[in-house]
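Colleague: Could you talk me through the aromatic residues in this one? I would like to go step by step.

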Amino acid sequence: MHPPIPLLERLREFDGGVDDFYASGFELLPSGEDDGWDPCPENPAFRAWLRESLGLHGAEDPNEIVRAAGDELWEPFAAWIGPLIPDVVSSRRSG
């Protein structure tokens with residue numbers, strides 16, 4: 001078992017005190033529990049629907065896309081999150 005992550009533990013505590021969804025389309029599930037909704041990107045029918053309906057195609061290296069987006073969008077993100085959570089910005093600078 002992994003040690004608790006403080007911010008996630010706080011979110012879990014908050015989640016336990018709320019009777020309804022507090023963010024549209026977001027909920028916490030106990031580890032190993034499945035809510036039944038699975039977009040399953042390995043599912044050929046789902047992938048075909050994405051291509052046909054949205055023009056989306058699978059990435060060869062999704063991690064590279066995420067890294068590139070992080071690099072490109074870091075400055076506006078830092079300007080937005082910095083006043084709220086300064087540690088996020090300082091950890092990126094020191095890392």
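Modeller: This is a predicted model, and a good place to begin is helix 3 (residues 62-81), where Trp74 and Phe77 are three residues apart and therefore separated by about one helical turn.

Colleague: And how do the rings of Trp74 and Phe77 sit, centre to centre and between the planes?

Modeller: Trp74 and Phe77 form a tilted aromatic pair, with 5.7 Å centre to centre and 50° between the planes.

Colleague: Is Trp74 buried or exposed?

Modeller: Trp74 counts as buried, because its relative accessibility is 15% and the cut-off for buried is under 20%. Phe77, at 35% relative accessibility, counts as partly exposed.

Colleague: What about the rings of Phe77 and Trp80, how far apart are their centres?

Modeller: The ring centres of Phe77 and Trp80 are 5.8 Å apart and the planes lie at 45°, so this pair is tilted. Phe77 and Trp80 are three residues apart in helix 3, which means that about one helical turn separates them.

Colleague: Switching to accessibility again, where does Trp80 fall?

Modeller: Trp80 has a relative accessible area of 55% and is exposed, since the exposed class begins over 50%.

Colleague: How many aromatic pairs does the structure hold, and which residues form the cluster?

Modeller: The structure holds two aromatic pairs, and Trp74, Phe77 and Trp80 form one aromatic cluster. Within that cluster, Trp74 is buried, Phe77 is partly exposed and Trp80 is exposed.

Technical notes: Residues numbered from 1 in each chain as written. Predicted model: local features only at pLDDT ≥ 70, side-chain atom pairs only at ≥ 80, totals over all residues. Heavy atoms only, no water. Phe/Tyr/Trp six-rings, centres within 6.5 Å; stacked < 30°, edge-to-face > 60°. Helix = DSSP H or I, 4+ residues; strand = E, 2+ residues; numbered from the N terminus. Buried < 20%, exposed > 50% of the residue type's maximum accessible area, 1.4 Å probe, protein only.
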